[in-house]
Amino acid sequence: MVLQHGHREEQGDDAVLPLWPRERSWPVRGALGITLRELLELSGGVRDGHELKFWTPGGSSTPILTAEHLDVPLDYEAVGEAGSMLGTKALQIFDDTTCVVRAVLRWTEFYKHESCGKCTPCREGTWWLVQTLARLERGDGTEADLDQLVDLCDNILGRSFCALGDGATSPITSSIQYFRDEYLAHLTNGGCPFDPEAATLFAAERVPA
Ligand code: SF4
């Protein structure tokens, strides 16, 4: 389904944003300018009993947004003004069962793995990002680790040869911006306060005994 709801005319594949609902085998697609609120209404929304927590408008290399951005028109200018990018337009939606620290750690592990090693900021920086995030996620870190993460990101962003290095920093800096308290909760809790199983699809589908 393609929604003709755009703020401006675009041609070809660039004109649509696909969102793959959890219970369908085909995507809902909206023209540039549609909002995430509208896309979620068309796709069935997040799981019953849960709320949107954070989302990426353009894949994990674009800064995350939150529920306060549900009505941002999904076009290049408006998403940029909201502090993110459309990027690949790979919308990823996370509800309130998801630990943002764990999600960002998984993404960062991917970037570390994919770093080709050509340039030092990305090769060394992504390794240190993973070490620091993993320490925080285990509850072994300190609040100073958050400052170190931001500092590491500052030294990778704009200093890497290709977009992978820059992309690795986006989920980290934006998640600290919006969810600093959740990072700190890992420290006071001595580890992740979330049940990782609760975020899985099979947890949602389990029939109560
Ligand atoms: S930024 Fe690109 S070129 Fe540099 S190490 Fe990372 S993947 Fe390789």
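# Exercises on a predicted model

The buried residues of H4 are covered by elements that include helix H3 (100–114), helix H5 (144–156) and helix H6 (163–189). The model is predicted. The exercises below start from this helix and move outward.

## Exercise 1. Helix H4

**Task.** Work out how the span of H4 stands against the expected value, and name its buried residues.

**Solution.**
- Step 1. Helix H4 covers residues 120–138, which is 19 residues.
- Step 2. From its first C-alpha to its last, H4 reaches 27 Å. That is close to the 27 Å expected at 1.5 Å a residue.
- Step 3. The buried residues in H4 are Pro121, Cys122, Gly125, Thr126, Leu129, Leu133 and Leu136. Helices H3, H5 and H6 are among what covers them.
- Step 4. Look just past the end of H4. Glycine 139 takes a positive phi of about 85° there.

## Exercise 2. The ligand shell

**Task.** List the residues around the ligand, then sort them by element and by character.

**Solution.**
- Step 1. The ligand is surrounded by Ser115, Cys116, Gly117, Lys118, Cys119, Cys122, Arg123, Ser160, Phe161, Cys162, Leu164 and Gly165.
- Step 2. Two elements, H4 and H6, give two or more residues to this shell.
- Step 3. By character, the shell holds six nonpolar, four polar and two charged residues.
- Step 4. Link back to Exercise 1. Cys122 belongs to the ligand shell, and Cys122 is also buried in H4.

## Exercise 3. The three-stranded sheet

**Task.** Establish the strand order, then find which strands stand at the edges.

**Solution.**
- Step 1. E4 (residues 52–56) pairs with E5 in the antiparallel sense, over two bridges.
- Step 2. E4 also pairs with E6, again antiparallel, over four bridges.
- Step 3. The order is therefore E5-E4-E6, in an open sheet of three strands with antiparallel pairing. Strand E5 (65–66) and strand E6 (92–95) each have a single partner strand, so one side of each has no neighbour in the sheet.
- Step 4. Now go residue by residue. Tryptophan 55 has leucine 65 of E5 as its bridge partner. Phenylalanine 54 has threonine 66 as its bridge partner in E5. In E6, phenylalanine 54 is partnered by phenylalanine 94.
- Step 5. Check the cover on E4. Four of its five residues are buried, so the strand is mostly covered.

## Exercise 4. Threonine 62 and glycine 87

**Task.** Place threonine 62 and glycine 87 in the fold, and decide for each whether it is buried, partly exposed or exposed.

**Solution.**
- Step 1. Threonine 62 sits in the loop between E4 and E5. Glycine 87 sits in the loop between helix H2 (76–81) and E6.
- Step 2. Count neighbours. Threonine 62 has 24 C-beta neighbours inside 10 Å, so it counts as buried. The cut-off for burial is 20 or more.
- Step 3. Glycine 87 has 18 C-beta neighbours inside 10 Å, so it counts as partly exposed.
- Step 4. Compare sequence and space. Glycine 87 and threonine 62 are 25 residues apart in sequence, with 6.5 Å between their C-alpha atoms. Threonine 62 and alanine 168 are 106 residues apart in sequence, and their C-alpha atoms are 8.9 Å apart.
- Step 5. List contacts, leaving aside neighbours within four places in sequence. Threonine 62 is in contact with Thr56, Pro57, Ser84, Met85, Gly87 and Ser170. Glycine 87 is in contact with Pro57, Gly58, Gly59, Ser61 and Thr62.

## Exercise 5. Helix H1 and aspartate 71

**Task.** Show how the buried residues of H1 are arranged, then characterise aspartate 71.

**Solution.**
- Step 1. Helix H1 (residues 36–43) has Leu36, Leu39 and Ser43 as its buried residues.
- Step 2. Viewed down the axis of H1, these buried residues fall within an arc of 60°, so they line one face of the helix.
- Step 3. Just after H1, glycine 44 takes a positive phi of about 105°.
- Step 4. Turn to aspartate 71, in the loop between E5 and H2. It has 11 other C-beta atoms within 10 Å, so it is exposed.
- Step 5. Aspartate 71 touches Thr35 and Arg37, not counting residues up to four places away in sequence. The C-alpha atoms of aspartate 71 and threonine 35 are separated by 5.3 Å, although the two are 36 residues apart along the chain.

## Exercise 6. The whole chain

**Task.** Summarise the protein by its elements, its burial and its contacts.

**Solution.**
- Step 1. The protein has seven helices and six strands. Along the sequence they follow the pattern β-β-β-α-β-β-α-β-α-α-α-α-α.
- Step 2. The protein has 209 residues, of which 32% count as buried.
- Step 3. Take the contacts with a separation of 6 or more. Residues 24 or more positions apart account for 64% of them.

Methods. Residues are numbered from 1 along each chain as its sequence is written. This is a predicted model: local features need pLDDT of at least 70, side-chain atom pairs count only at pLDDT 80 or more; totals for chains, interfaces and linings use all residues. Two strands pair if DSSP finds at least two bridges between them. A residue is buried if 20 or more other C-beta atoms lie within 10 Å of its own, exposed if 12 or fewer, and partly exposed in between; C-beta atoms are placed from the backbone. Two residues are in contact if their C-beta atoms, placed from the backbone, lie within 7 Å. The expected span of a helix is 1.5 Å times one less than its number of residues. A residue is near a molecule or strand if its C-beta atom, placed from the backbone, lies within 6 Å of it. Ala, Val, Leu, Ile, Met, Phe, Trp, Tyr, Cys and Pro count as nonpolar, Asp, Glu, Lys and Arg as charged, and the others, Gly among them, as polar. The arc is that of the directions from the helix axis to the C-beta atoms.
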